[in-house]
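Grab your viewer and work through these short exercises. Each one comes with a worked solution, so try it yourself before reading on.

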Amino acid sequence: MNKPLSVPLEKTTREAKAWQARIHKIAAFGSQQCQNKDTVHSAICTITGSPDELTVNLACTSKSEDSVSDLMQYANDTLLPQMEKDLGVRFEVRNLQFAVAGRENLLASPEHADPAGLPKSWLDHPLTAEQASGPRMAVEDQPSILSMA
């Protein structure tokens, strides 16, 4: 008698659900470990993919610029290796973002250029000197975001 080569759908579904629960638990661990640091304002971690192509996304907001490099080092040297060890799989892709809290300069409402004031060829050359001379943010007013990929 020949045995079927396919895996029963019920077993595959059960394994997929178990994997999703596992990566969700490890991602929550990563978020919590970052948030437990005194220098961290907020953090969120997600993990997606299969064991063959695992992606981790970690976004951490620091309370001050002084602690960002320590936070980066912690994530790279301690947290992510621990998460990989717990999963038993290395991350194929690491998307890490670091920012400083309170440095965002968000506009109350979006600024739009008056269409009547734009030359007809503005789509052909959108960044000519006339259009680029609008309001600018000073360097110290720009959001402070660091990213490591």
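**Exercise 1.** Which residue just after helix 2 takes a positive phi?

*Solution.* Keep in mind that this is a predicted model. Step just past the end of helix 2 and you land on Gly88, with a phi of about 80°.

**Exercise 2.** Work out whether the span of helix 2 agrees with its number of residues.

*Solution.* Start with the count: helix 2 covers residues 68-87, which makes 20 residues. The expected span is 1.5 Å times one less than the number of residues, so you should get 28 Å. Now check the end C-alpha atoms of helix 2: they sit 26 Å apart, which agrees. The helix isn't free of bending, though: at Ala75 there is a bend of about 40°.

**Exercise 3.** Find the buried residues of helix 2 and look at their spacing.

*Solution.* The buried set includes Val68, Leu71, Met72, Ala75, Asn76, Leu79, Leu80, Met83, Glu84 and Leu87. Ala75, where helix 2 bends, is one of the buried residues. For the spacing, recall that an α-helix has 3.6 residues a turn, so residues three or four places apart point the same way.

**Exercise 4.** Describe the surroundings of Ser62, then do the same for Thr39.

*Solution.* First, place Ser62: it belongs to strand 2, residues 55-62. Its relative accessible area is 0%, so Ser62 is buried. Next, list its contacts beyond four places in sequence: among them are Thr39, His41, Ser67, Val68, Leu71 and Val100. A polar atom of the Ser62 side chain also lies 2.7 Å from the backbone oxygen of Ser64.

Now go to Thr39, in the loop between helix 1 and strand 1. At 35% relative accessible area, Thr39 is partly exposed. Leaving out neighbours within four places in sequence, Thr39 touches Ser62, Lys63 and Ser67. Thr39 and Ser64 are 25 residues apart in sequence, yet their C-alpha atoms are 7.3 Å apart.

**Exercise 5.** Is Ser31 buried or exposed?

*Solution.* Locate Ser31 in helix 1, residues 9-35. Buried means under 20% relative accessible area; Ser31 has 11%, so it counts as buried. Beyond four places in sequence, its contacts are Ala43, Ile44 and Cys45.

**Exercise 6.** Which elements have the lowest and the highest mean pLDDT?

*Solution.* Begin with the whole protein: the mean pLDDT is 78, with 61% of residues at 70 or more. By element, helix 3 is lowest at 48 and helix 2 highest at 96. Residues 129-133 have pLDDT below 50, with six contacts beyond near neighbours in sequence. Residues 106-110 also stay under 50, with zero contacts beyond four places in sequence.

Definitions and conventions: Residues numbered from 1 in each chain as written. Heavy atoms only, no water. Helix = DSSP H or I, 4+ residues; strand = E, 2+ residues; numbered from the N terminus. Buried < 20%, exposed > 50% of the residue type's maximum accessible area, 1.4 Å probe, protein only. Contact = heavy atoms within 4.5 Å. Bend = angle between axes of the 7 residues up to and from the residue. Polar contact = N/O pair within 3.5 Å; in protein donor to acceptor, adjacent residues only side chain to side chain. pLDDT = per-residue confidence, 0-100.
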